[in-house]
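Colleague: Please pick one part of this model and walk me through it closely. I'd like to know what it packs against and how those neighbours are put together.
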Amino acid sequence: MPELPEVEVISRGLAESLEGKTIESVKILNHSSVKMPWYLFSSRVAGEKITRVHRRAKLLIMDLGEDLHITFHLKMTGRVLAHEGPTTPETHTRIVFGLTDGSSIEFHDTRKFGEVRALNNDELQEWDFYKNLGPEPLEVTAEELAGRIVGRKAQIKGLLLNQSVVAGCGNIYADESLFRAGIHPKAKASDLSKESLVKLFFELQAVLKLAIQENGSSIRDYVDAGGDAGGFQNSFKAYGKKGEKCPDCGKVFEGATVAGRSSTFCSDCQKMKD
Ligand SMILES: [Zn+2]
């Protein structure tokens, strides 16, 4: 699933090619991709101008006019692609937006877990998922983020993945930041000092910034808005490296399911408590 850096890279690419353009037509090829009555979706967005493309957590958002937002939750395999000409739909094309200048936007989603909505300002603010999102990790300090979990009894990895604690972090950046901070994914936040938690969020911020610079991480089929793969997967230190040697101590990385997700860690370098 694309996480914060990948969605950020996609949104920057789309902003460049789409801002200022107007949607002329909408063709919905898979009704279940649209999480509202399809006719309402179509009638809301047709004729509207794309004023801004941005990201909140793992959501890609297109603002239309003053009071409408298309939200794309890409989930496992969703992609939003800007084409210079019309889109010729293929098997996994779910929605096509035709633009007045002859270009088009394609929502492509192999696994069909992606979710698309068109919401006005009030509906967006009242949407439970959106309303409960925690702060953007690159917009607040590591101290503030640490303050949200200090003393909590839950496992640290579960807290990192909890979108109401911090927005946009998924499995890749959780494993990478925990390794870089020397914290075991199963450690309880309450067993760690405030200093350790600040270091963890500092590492999370660093890894997210680095990944954005490198165009995101390409695992499975992630590509940016222009169809290019990311490069940060080449800088992974721990994620997906179960059975390989820890670059810091040489011990073999272990794997376990933590917070419902497969996790990789070095039991020598990553501590359970302070
Ligand atoms: Zn190690």
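Modeller: Let's take helix 1 (residues 4-18), which lies across strand 2 and strand 3 (59-64) and runs at about 175° to strand 2. Helices (H or I, at least four residues) and strands (E, at least two) are DSSP runs, numbered from the N terminus. Angles run from 0 to 180 degrees between N-to-C directions, with axes fitted to C-alpha atoms and, for helices, over the stretch in contact. Keep in mind that this is a predicted model, where local features need pLDDT of at least 70 and side-chain atom pairs count only at 80 or more, while totals for chains, interfaces and linings use all residues. Residue numbers start from 1 along each chain as its sequence is written.

Now for the sheet under that helix. It is open and antiparallel, with 4 strands in the order 2-3-4-8; strands count as paired if DSSP finds at least two bridges between them. Strand 2 (50-56) and strand 8 (115-119) are the edge strands, each pairing on one side only. From one strand to the next, the twist averages 15°.

Inside this sheet, strand 3 and strand 4 are held in antiparallel pairing over 6 bridges. Met62 has Ile70 in strand 4 as its bridge partner. These two strands make a hairpin with 3 residues between them, and Gly65 in the turn has a positive phi of about 55°. Ile70 also stands opposite Ala118 in strand 8. Strand 4 (residues 68-73) meets strand 8 over 5 bridges, again antiparallel, and His73 there stands opposite Glu115 of strand 8. Helix 2 (residues 38-45) lies across strand 3, strand 4 and strand 8, at about 55° to strand 8.

Helix 1 has another sheet to deal with, so let's set that one up. Its 4 strands form an open, antiparallel sheet in the order 1-6-7-5. Strand 1 (23-28) and strand 5 (78-83) are at the edges with a single partner strand each, so one side of each has no neighbour in the sheet. Ignoring direction, neighbouring strands here are turned by 15° against each other on average. Strand 1 joins strand 6 (residues 93-99) through 5 bridges, running antiparallel, and Ile28 has Ile95 in strand 6 as its bridge partner. Helix 1 packs on this sheet by touching strand 5 and strand 7 (104-109), and its direction makes about 25° with that of strand 5.

What about helix neighbours? Helix 1 packs with helix 8 at an angle of about 35°, their axes 9 Å apart. Their crossing is right-handed, meaning the near helix is turned clockwise from the far one by less than a right angle (anticlockwise would be left-handed). On the helix 1 side the contact uses Leu4, Pro5, Glu8 and Val9, and on the helix 8 side Leu208, Ala211 and Ile212; contact means C-beta atoms, placed from the backbone, within 7 Å. Sorted by class, that makes 6 nonpolar, no polar and 1 charged residues. Here Ala, Val, Leu, Ile, Met, Phe, Trp, Tyr, Cys and Pro count as nonpolar, Asp, Glu, Lys and Arg as charged, and the others, Gly among them, as polar.

Follow helix 8 (residues 194-213) one step further and you reach helix 7 (residues 171-181), packed at an angle of about 125° with the axes 8 Å apart. Helix 7 and helix 8 are therefore oblique to each other, the class left over once under 35 degrees is roughly parallel, over 145 roughly antiparallel and 65 to 115 roughly perpendicular. This crossing is right-handed too. Helix 7 brings Tyr173, Glu176, Ser177, Leu178, Arg180 and Ala181, while helix 8 brings Lys199, Leu200, Glu203, Leu204, Val207 and Leu208. By class, the contact has 7 nonpolar, 1 polar and 4 charged residues. Leu208 of helix 8 turns up in the helix 1 contact and in the helix 7 contact.

To step back, the chain has 8 helices and 10 strands. Its C-alpha trace spans about 60 × 35 × 30 Å along the principal axes.

Technical notes: Contact = placed C-beta atoms within 7 Å.
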